[in-house]
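Please open the model in your viewer and keep the selection panel at hand. The stops below are meant to be taken in order, each with something to select and something to look for.

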Amino acid sequence: MSIDVSVKAFEGPLDLLLSLIKEKQIDIYDIPIAEITAAYLEELKNMESSNYEVAAEFVVMAATLMEIKARMLLPKAKIEEEEEEEDPRTELVNKLLIYKQFKEAANFLKESFEDQSRVFARDTINRLLLEELKPDHDLRNLGVSISDLLGALRVVLEAKKEEEEILPVLPREKITIDEQINWLTLYMKEKRDLLFSDLFGVLKSKVLIVVTFMALLEMVHKGTVSVRQSEDLEIYVSYIENGAESEEV
Amino acid sequence: MSPNEAKKILEAILFMAPEPLSAAKLAELTGLAENEVRSFLLEIEHDLVDQDRGVRVETIAGGYRFIACKEAEPYLLELSQGQKRSPLSPAALEVLAIISYLQPITRAEIDEIRGVSSESPIATLLDRGLIAEVGRKDAPGRPILFATTKAFLVYFGLKDLSELPSLPELKMPNGENTKPPTLVE
């Protein structure tokens, strides 16, 4: 299961089309539909073979392209009746043009952000000092930064790795996040406050640790537990009384 | 209040303010007229430049604030211990660009333009306070309308939405022209 890093990430099918148009130096107002369809399908194939899950939107666009291609091949039978038959490409081209402009506008915002990050005002420096260095102020109820939390998870997983090497291969466990939320709720109700490393230390396998970690994130999100980091950088998990109940009302 | 006193007080307020303050807000606080506030602030800015001081007055997001001079930048970076505001993802920037031009706008309309779901970038932007829900569209399902906030202007260092570059080719599928968007406080 190797992932081909050469495959670019596209925001969506329009993004991919624009990229192809740029790459092939195609006139957007006169798109050679057969050529672009072939290139587009090729790109989808690359995505699939690189184990990317190809989102439904990309498939829908492939169908649209093939439909346009088919319509362009059809003989224009009643050309006299309707004054001017619309080019089958028009709708797609309009969409591409609109999307392209917003991509450019997004670029403008990106540049503005970069310029702005060199400007210091009281509000910006306060935000940097207070909110990012002291994550207690984090609105998402995460009293600890994601990177520290992941760091703690990594430590727990590393420790487990050494143990697992000694153990024989176990049958695959099936654990769901919901199950772990239930377990964690009961466990935290009893323990109230405990160290992240102690909590995860009781878990038997890597799968269990990872699923429980996701359960923990979910519970933080719901406000049933909170995580915070002390001055000595230890991460604590605490049970919040009535956290879940008030949510369900 | 004498002009000198007024300037002194305005300077103090602006120095202490946690966010940009509008001329209207400063007028309300000081009892001065808005145009007086503006001209005093202009004088303060001139004084700062003349005396080559460490701060400047900047107009941003329809208000005023003090910013540090360029020369102080490396030292302030040191003070903030290299912490940088985390940048937005390309998807979030796209969504934000669309909202900033076409606000108020629904999620379905944003999805339509991008050709892909915008659910998670919208959640990120709401979380960061760069956009807000401003009401519901009078359409089937009464979908939520989103618009940019004052924090959006501050974040990108814009005085107001007219500072966004104009998009000449932009005509929406419904034939409506874009702009002028309204600002949400």
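Begin by colouring the two chains separately and selecting the residues where they meet: in this predicted model, 37 residues of chain A are in contact with 55 residues of chain B. If you then display the surface of this interface, the area buried between chain A and chain B comes to about 3900 Å², with carbon and sulfur atoms giving 64% of that area. On the chain A side, select Phe102(A), Phe113(A) and Phe120(A), the residues that lose the most area to chain B and that together account for 18% of what that side buries.

Next, stay at the interface and turn to its polar features. Between chain A and chain B the count is three salt bridges, and four residue pairs are found in polar contact across the interface, both residues of each pair being at pLDDT 80 or more. With the cartoon shown, select helix H1 (13-23), helix H4 (90-116) and helix H5 (122-132) of chain A, which are the elements that give two or more residues to the side touching chain B. Of the elements on that side, H4(A) gives the most, with 15 residues. Colouring the chain A side by residue class should show 20 nonpolar, six polar and 11 charged residues.

Now zoom in on Lys103(A) and Glu94(B), which form a salt bridge whose closest N and O atoms are 3.5 Å apart. Adding Glu11(A), Asp15(A) and Arg114(B) to the selection completes a network of salt bridges in which these residues are linked with Lys103(A) and Glu94(B). As a general matter, side chains of opposite charge can pair when their charged atoms come close.

From here, widen the view, since a search of the whole structure finds 22 salt bridges over all chains. Three of these pairs make useful stops.

Select Asp115(A) and Arg118(A), whose side chains meet in a salt bridge at 3.3 Å, N to O. Asp115(A) is partly exposed, with a relative accessible area of 46%, and Arg118(A) is likewise partly exposed, at 43%.

Move on to Arg228(A) and Asp193(A), which meet in a salt bridge at 3.5 Å, N to O. This pair links distant parts of the chain, with Arg228(A) in strand E3 (residues 225-229) of chain A and Asp193(A) in strand E2 (residues 193-195) of chain A, 35 residues apart. Arg228(A) counts as partly exposed at 36% relative accessibility, and Asp193(A) counts as partly exposed at 45%.

Then go to chain B and select Arg65(B) and Glu58(B): are these two partners buried or exposed? Their side chains meet in a salt bridge at 2.9 Å, N to O, and Arg65(B) is buried, with a relative accessible area of 4%, as is Glu58(B), with a relative accessible area of 17%.

Finally, recolour chain A by pLDDT. The mean for chain A is 78, and 75% of its residues reach 70 or more. Among the elements of chain A, H1(A) has the highest mean pLDDT (92), whereas helix H10 (residues 243-248) has the lowest (45). Select residues 131-141 of chain A, where the pLDDT is below 50 and where the stretch has 24 contacts in the model beyond near neighbours in sequence. Residues 244-249 of chain A also have pLDDT below 50, but this stretch has two contacts beyond near neighbours in sequence. Where pLDDT is low, the predicted coordinates should not be read in detail.

Definitions and conventions: Residues are numbered from 1 along each chain as its sequence is written. Chains are lettered from A and ligands numbered from 1 in the order in which they are written. Side-chain values use heavy atoms; hydrogens and water are left out. Contact means heavy atoms within 4.5 Å. Buried area is the accessible area (1.4 Å probe) that two parts lose on being put together, summed over both. A salt bridge is a side-chain nitrogen of Lys or Arg within 4 Å of a carboxyl oxygen of Asp or Glu. A polar contact is a pair of N or O atoms within 3.5 Å; within protein, one must be able to donate a hydrogen and the other to accept it, and residues adjacent in sequence count only if both atoms are side-chain atoms. Helices (H or I, at least four residues) and strands (E, at least two) are DSSP runs, numbered from the N terminus. Ala, Val, Leu, Ile, Met, Phe, Trp, Tyr, Cys and Pro count as nonpolar, Asp, Glu, Lys and Arg as charged, and the others, Gly among them, as polar. Buried means under 20% relative accessible area, exposed over 50%, partly exposed in between (1.4 Å probe, protein chains only). pLDDT is the predictor's confidence in each residue, from 0 to 100.
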